[in-house]
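Hi,

Here is the structure I promised to send over. Have a look at it first, and then read on for what turned up in it.

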Amino acid sequence: GDVAHPHFLINGALPGAPVSYRGTPGERLRIRIINAASDTIFAVALGGHQMTVTHSDGFAVQPHDTPALYVGMGERYDVIVTLADGVFALVAKPWGKNGQALAVVRSGSGTNPPADIVLTELSGPILQGTDLHPAEASRLPDRASDARVDLRLGGQMNPYVWTLNGAPFGQNSPLTVAEGQRLQIDVTNATMMSHPLHLHGHTFALPNGLRKDTVLIPPMGTTTLHLDATNPGDWAVHCHNIYHAEAGMMIALQYLQG
C-alpha cells in the first residue's frame, strides 16, 4: 500500500479496546475474514491455533491448514478453528506497515492481550491464497477458451498514475467478449507492488482451477484467468487498492452486441 494509516481496526474497534468473541473450549468456530481496507494487505492469525481454510471469495476449497494467511484488499476467506481454553489474540498485521489490528477470542478466564502482542504464527510461513486448490464443486466446467485478451498492470508513485493496458481508465480500450464465450485473460503485473485485481459481475478460475473474483498479483508476476461470459453488460475490472483505481487502474469489460 501507499498510505501509512494511523490505525487498523477489526469490526470497527481499535486494538486498545478490541471486540471479543466468547466461546467454549472444543467449540468449532467459523471466522469469515473480509479485507475491507482501501490500501492494506493483512496477514491474519489466531494466537495458539491452526486455521483450516475452507472457502475463498465464497467458493469452497480443499481444506488447508495454516497458522496464518495473507488477505488482499477485497478478498474474503472462511476459516475454521477448534478453540483451546484461554484468551487469544486474533491479529491482522498490515504488510509493509507499522501497527496492527486486534480482536479477542475468549474461551476461558484471563486478561486481554496487549495491543502490540507479537504472534509467533506470523513469524513463519504465511499462506498465499493462490496456493489453495478448489473443491471439485467449485471448478469451472472443462472447455477450451474461445477468446483471449492481455491485461497489463502498470504505473508509478511519482507522478501518481496507475494504468491498465498502458493508459488510465477512460483512455484505455475496453476488453471485449461475446456472450457464451470462455474468455482467457493473460495478466502481467509490470510494477514493483502487489495489486489485488477484481472483476465485477463474474468470477474466474486461476490456472489451478481455484475460483475467485479478486486475486493478488505479485510484483512482476503473471497469471491467467478464465471466465465464462454469462452476464451481459458493461463491467469494471480494477485494482482493489482504491487509490490505484481512482488514479486510473481500471478498465471496462464489455459484451459485444449482436
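In which sense do strand β14 and β17 pair, and over how many bridges? Strand β14 covers residues 195-199, and its pairing with β17 is antiparallel, over 4 bridges. If you want a spot to zoom in on, try P196, which stands opposite L216 in β17. Please keep in mind as you browse that this is a predicted model.

**The sheet around that pair**

Zooming out, β14 and β17 belong to an open sheet of 5 strands. The order is β12-β20-β19-β14-β17, and the pairing is mixed. At the edges you will find β12 (175-177) and β17 (214-217); each has a single partner strand, so one side of each is left without a neighbour in the sheet. From one strand to the next, the twist averages 20°.

The mixed pairing is easy to follow on screen if you start from the β12 edge. There, β12 and strand β20 (residues 250-255) run parallel, joined by 3 bridges. Within this pairing, V177 has Y255 in β20 as its bridge partner. Moving on, strand β19 (residues 234-239) pairs with β20 in the antiparallel sense, this time over 5 bridges. H238 is the residue that stands opposite M250 in β20.

**Salt bridges**

I expect you will like this part. Searching the whole structure gives 12 salt bridges, and a few of them deserve a closer look.

One of them brings together the side chains of D39 and K97, with 2.8 Å from N to O. D39 sits in the loop between β2 (28-34) and β3 (42-46), while K97 sits in the loop between β8 (87-94) and β9 (101-106), so this pair ties together parts that are 58 residues apart in sequence. Are these two side chains buried or exposed? D39 is buried, since its relative accessible area is 0%. K97 also counts as buried, at 14% relative accessibility, because the cut-off for buried is under 20%.

R148 is worth a click too, as it takes part in two of the contacts I looked at. With D150 it forms a salt bridge in which the closest N and O atoms are 2.5 Å apart. The side chain of R148 also meets that of D186 in a salt bridge, at 2.9 Å from N to O. Here R148 lies in strand β10 and D186 in strand β13 (residues 182-189), so the pair ties together parts that are 38 residues apart in sequence. As for accessibility, R148 is partly exposed, with a relative accessible area of 48%, and D150 is partly exposed as well, at 44%. D186, by contrast, is buried, with a relative accessible area of 16%.

There is also a network of salt bridges, which links D57, E75, R76, K212 and D213.

**A nonpolar patch on the surface**

Lastly, take a look at M157, Y160, I242 and Y243, which make a nonpolar surface patch of about 350 Å². Of these residues, Y160 is found in the loop between β10 (147-156) and β11 (161-164). Y160 counts as partly exposed, at 33% relative accessibility.

Enjoy exploring, and write back with any questions.

Best wishes

Terms used: Residues numbered from 1 in each chain as written. Predicted model: local features only at pLDDT ≥ 70, side-chain atom pairs only at ≥ 80, totals over all residues. Heavy atoms only, no water. Pairing = 2+ DSSP bridges. Helix = DSSP H or I, 4+ residues; strand = E, 2+ residues; numbered from the N terminus. Axes fitted to C-alpha atoms, helices over the stretch in contact; angles between N-to-C directions. Patch = residues over 30% accessible without salt bridge, like charges linked within 9 Å, V, L, I, M, F, W, Y side chains within 5 Å. Areas by Shrake-Rupley, 256 points an atom, 1.4 Å probe, with all protein chains shown as cover. Salt bridge = Lys/Arg side-chain N within 4 Å of Asp/Glu carboxyl O. Buried < 20%, exposed > 50% of the residue type's maximum accessible area, 1.4 Å probe, protein only.
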